[in-house]
Amino acid sequence: WAVFAFALAVGSFIAHRLHAHLGYIIYAAMFLMITLSVTRKSWALLIFMMYAIVNTAAVMLIENRIQDSTPSAIRASILSFLSTVGNTISLPAALIMGWLIRQHNIFWAVGLMSLIALIAGGYWFVVGSNRLKNKTIVS
């Protein structure tokens, strides 16, 4: 767990250094997730750690963009709502992932996560990248 905690700290460091490159970080996270889903070698742990670093950086940068583009009068409400939505999605997703791992295997479950990431990334590429270029998250 210490190595994973270190990976999260490195992700935080990267987020502060590469704050202008959120698009590249999101693409790197998707690439690493897809690579992890097709890797069956022992070095998959290294890919997982790189994914943890990149994912932490992406989450921090997205949260910072939301905070920067939200008026201070409603910032706490918006962040509380987003936290609630994230937790509401995380619980069923964790249960589904656990069931998939138990019924099939970890590679099948990560492959499904990669497919979802690919669909979300395609949507983001078509729709969301224009908003990101204009630096407006909330329309």
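**Entry 1: a word to settle before I start**

I begin with what a pocket is: an open set of grid points where a 1.4 Å probe fits, with protein on both sides within 12 Å along at least five of seven lines. Rolling a probe the size of a water molecule over the atoms shows where empty space is left. I also note that the model in front of me is predicted.

**Entry 2: the whole chain**

I looked up the overall make-up. The protein chain has five helices and zero strands. Reading from the N terminus, I wrote the order down as α-α-α-α-α. Along the principal axes, the C-alpha atoms fill a box of roughly 45 × 35 × 30 Å. I then checked burial: of the 139 residues, 29% count as buried.

**Entry 3: the largest pocket**

What volume does the largest pocket have? I found about 2000 Å³. Its lining holds 44 residues, and Y51, N55, V59, I62 and A120 lie nearest the centre. Next I asked which elements give two or more residues to this lining. They are α2 (22–38), α3 (44–69), α4 (75–103) and α5. Helix α5 gives the most, with 14 residues. I sorted the lining by residue kind too, and got 34 nonpolar, seven polar and three charged residues.

**Entry 4: a patch on the surface**

From the pocket I moved on to the surface. A nonpolar patch of about 510 Å² is there, made by Y27, Y123, F125, V126 and V127. Which helix gives the largest share of the patch? It is α5 (residues 106–133), with four residues. I picked V126 for a closer look, and this residue lies in α5. Is V126 buried or exposed? V126 counts as exposed because its relative accessible area is 58%, and exposed means over 50%.

**Entry 5: two residues of helix α3**

I stayed with burial and turned to helix α3, where A57 is found. A57 has 1% relative accessibility, so it counts as buried; the cut-off for buried is under 20%. I also looked up how far A57 is from A109: they are 52 residues apart along the chain, and their C-alpha atoms are separated by 23 Å.

R65 lies in helix α3 as well. Why does R65 count as buried? The reason is its relative accessible area of 15%, since buried means under 20%. For R65 and A20, the C-alpha atoms are 10 Å apart, with the two positions 45 residues apart along the chain counted as their separation.

**Entry 6: two residues of helix α4**

Helix α4 was my last stop, and I began with L82, which is found there. L82 has a relative accessible area of 36%, so it is partly exposed; partly exposed covers what falls between under 20% and over 50%. L82 and I66 are 16 residues apart in sequence, and in space they are 9.9 Å apart, C-alpha to C-alpha.

I96 is found in helix α4 too. Is I96 buried, exposed or partly exposed? I wrote down partly exposed, because its relative accessible area is 48%. Its C-alpha atom is separated by 18 Å from that of I119, and the two residues are 23 apart along the chain.

**Entry 7: what I keep in mind**

Helix α5 came up twice in my notes. It gives the most residues to the lining of the largest pocket, and the largest share of the nonpolar patch comes from it as well.

Definitions and conventions: Residues numbered from 1 in each chain as written. Predicted model: local features only at pLDDT ≥ 70, side-chain atom pairs only at ≥ 80, totals over all residues. Heavy atoms only, no water. Patch = residues over 30% accessible without salt bridge, like charges linked within 9 Å, V, L, I, M, F, W, Y side chains within 5 Å. Areas by Shrake-Rupley, 256 points an atom, 1.4 Å probe, with all protein chains shown as cover. Salt bridge = Lys/Arg side-chain N within 4 Å of Asp/Glu carboxyl O. Buried < 20%, exposed > 50% of the residue type's maximum accessible area, 1.4 Å probe, protein only. 1 Å grid on protein atoms, 1.4 Å probe; cavity = no way out; pocket = protein on both sides within 12 Å on 5 of 7 lines; lining within 4 Å. Points joined across faces, edges and corners; volume = space filled by probe spheres on them. Nonpolar A, V, L, I, M, F, W, Y, C, P; charged D, E, K, R; others polar.
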